[in-house]
Amino acid sequence: MLPGVYLAKQKNGTIYYRSNINFSNKHISLGSFSTEEDAHAAYLEASVLLADTSIDLTNYLSRFSLLSHDKVIVLLNFRDNHLYFKNPIYLRKGYFSYYLSANLELKFDIDDLFYYASHKIQRRQGHLFVNDYGMQYSILSRYGIRPYAVANRDYQFANGDDTDFRYSNLVIINHYHGVLQYQKKGITKYRAVIHINGNFIIGTYSSEEKAAIAYNKAVDLAKNAGINRNFPENYIDTLSPKDYADIYTKIKVSKRYLEYLKTAIASFS
């Protein structure tokens with residue numbers, strides 16, 4: 001066998017070739033290949049990358065054809081920072097980069113390092129998510145941003161960079177389902193909205209919590225009217241059960257919405 005190459009077999013008996021390299025007392029797998037020559041060539045590419053410090057994140061793209069992009073990032077980080085991660089992470093000063101592709105660098109706080117070292121980020125239809133315990137979770141959920149939240153309406157990136165997921169850069173505007181924040185004559189107000197065959201405005205309220213409770217009340221009224229949908233509901237952990245109940249009892253919803261619910265009840269009768 002050529003240097004760095006190991007023969008292997010699939011369960012059906014098909015032969016393939018694994019490429020490996022040793023560096024800083026670590027045995028590193030470089031991938032699987034259909035020919036011995038390709039596996040050896042990948043070993044040679046890794047050898048050059050690990051030995052030549054002039055190869056870095058700014059100029060590596062044109063240098064490698066057999067090593068995967070993820071593996072190149074892994075090797076560069078291990079060479080420069082002496083920590084090995086299976087995912088394409090490169091340590092920076094005070095934060096780290098996760099290279100989803102050659103042209104897409106995501107930035108995270110060091111506090112998230114070991115989570116993303118063991119959870120691979122995937123992208124589908126513009127959404128970034130990880131698999132955790134067999135479920136798919138948006139990476140935004142780690143910041144308390146609810147599913148289907150809209151950028152620049154419900155949250156925003158403070159520096160305008162939507163690849164910068166450091167905690168100080170993510171600003172949550174609307175914390176609750178069905179609540180929209182807006183300004184009127186310099187005063188911040190909160191509008192509660194529920195979606196049933198279009199958007200119904202439930203009302204406008206002086207606080208985010210009141211609007212969230214009004215939304216919850218509108219959901220309960222819809223269910224009582226026989227509208228059985230999977231409405232998300234809000235959990236307001238800043239209020240005691242008594243305070244929540246007091247606001248819930250007193251909060252008003254729009255007459256138009258109540259009239260719509262009467263029509264819905266009639267249609268089910």
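A residue is called buried when its relative accessible area is under 20%, exposed when over 50%, and partly exposed in between (1.4 Å probe, protein chains only). Helices (H or I, at least four residues) and strands (E, at least two) are DSSP runs, numbered from the N terminus.

This is a predicted model, in which local features need pLDDT of at least 70 and side-chain atom pairs count only at pLDDT 80 or more, while totals for chains, interfaces and linings use all residues. Residues are numbered from 1 along each chain as its sequence is written, and side-chain values use heavy atoms, with hydrogens and water left out.

**Exercise 1. Two helices**

Find the span of α1 and of α4, and list the buried residues of each.

Step 1. The expected span of a helix is 1.5 Å times one less than its number of residues.

Step 2. Helix α1 covers residues 36–51, which makes 16 residues. From first C-alpha to last, α1 reaches 23 Å, close to the expected 22 Å.

Step 3. Helix α4 has 17 residues and reaches 24 Å, close to the 24 Å expected.

Step 4. In α1, the buried residues are E36, A39, H40, A42, E45, A46, L49 and L50. Their cover includes the strands β1 (5–9), β2 (15–23) and β3 (26–33), together with helix α2 (69–81).

Step 5. In α4, look for E208, A211, A212, I213, A214, Y215, N216, K217, A218, V219 and A222, which are its buried residues. After α4 comes G226, with a positive phi near 90°.

**Exercise 2. The largest nonpolar core**

Which residues of the largest nonpolar core touch the most other members, and which element gives the largest share?

Step 1. A nonpolar core is a set of buried Ala, Val, Leu, Ile, Met, Phe, Trp, Tyr and Cys residues joined through side-chain atoms within 4.5 Å.

Step 2. The largest core has 26 residues, and I194, I202, F231 and Y257 touch the most other members.

Step 3. At least two residues each come from β13, β14 (199–205), α4 (208–224) and α6 (255–268). The largest share, 8 residues, belongs to α4.

Step 4. Another core, of 25 residues, lies apart from this one and has A117, L140, F157 and F165 among its members.

Step 5. Now pick out F231. Leaving aside neighbours within four places in sequence, F231 is in contact (heavy atoms within 4.5 Å) with I194, H195, I196, Y215, V219, A222 and K223.

**Exercise 3. Positive phi**

Where do S24 and Y133 lie, and is Y133 buried or exposed?

Step 1. Most residues other than glycine have a negative phi.

Step 2. S24 has a phi near 50° and lies in the loop between β2 and β3.

Step 3. Y133 has a phi of about 55° and is found in the loop between β8 and β9. Y133 is exposed, because its relative accessible area is 81%.

**Exercise 4. Classes in two linings**

How do the lining residues of the largest and second largest pockets divide by class?

Step 1. Ala, Val, Leu, Ile, Met, Phe, Trp, Tyr, Cys and Pro count as nonpolar, Asp, Glu, Lys and Arg as charged, and the others, Gly among them, as polar.

Step 2. A pocket, on a 1 Å grid over the protein atoms alone, is an open set of points where a 1.4 Å probe fits, with protein on both sides within 12 Å along at least five of seven lines; lining residues have an atom within 4 Å of a point.

Step 3. For the largest pocket, the lining has 15 nonpolar, 10 polar and 4 charged residues.

Step 4. For the second largest pocket, the lining has 9 nonpolar, 4 polar and 4 charged residues.
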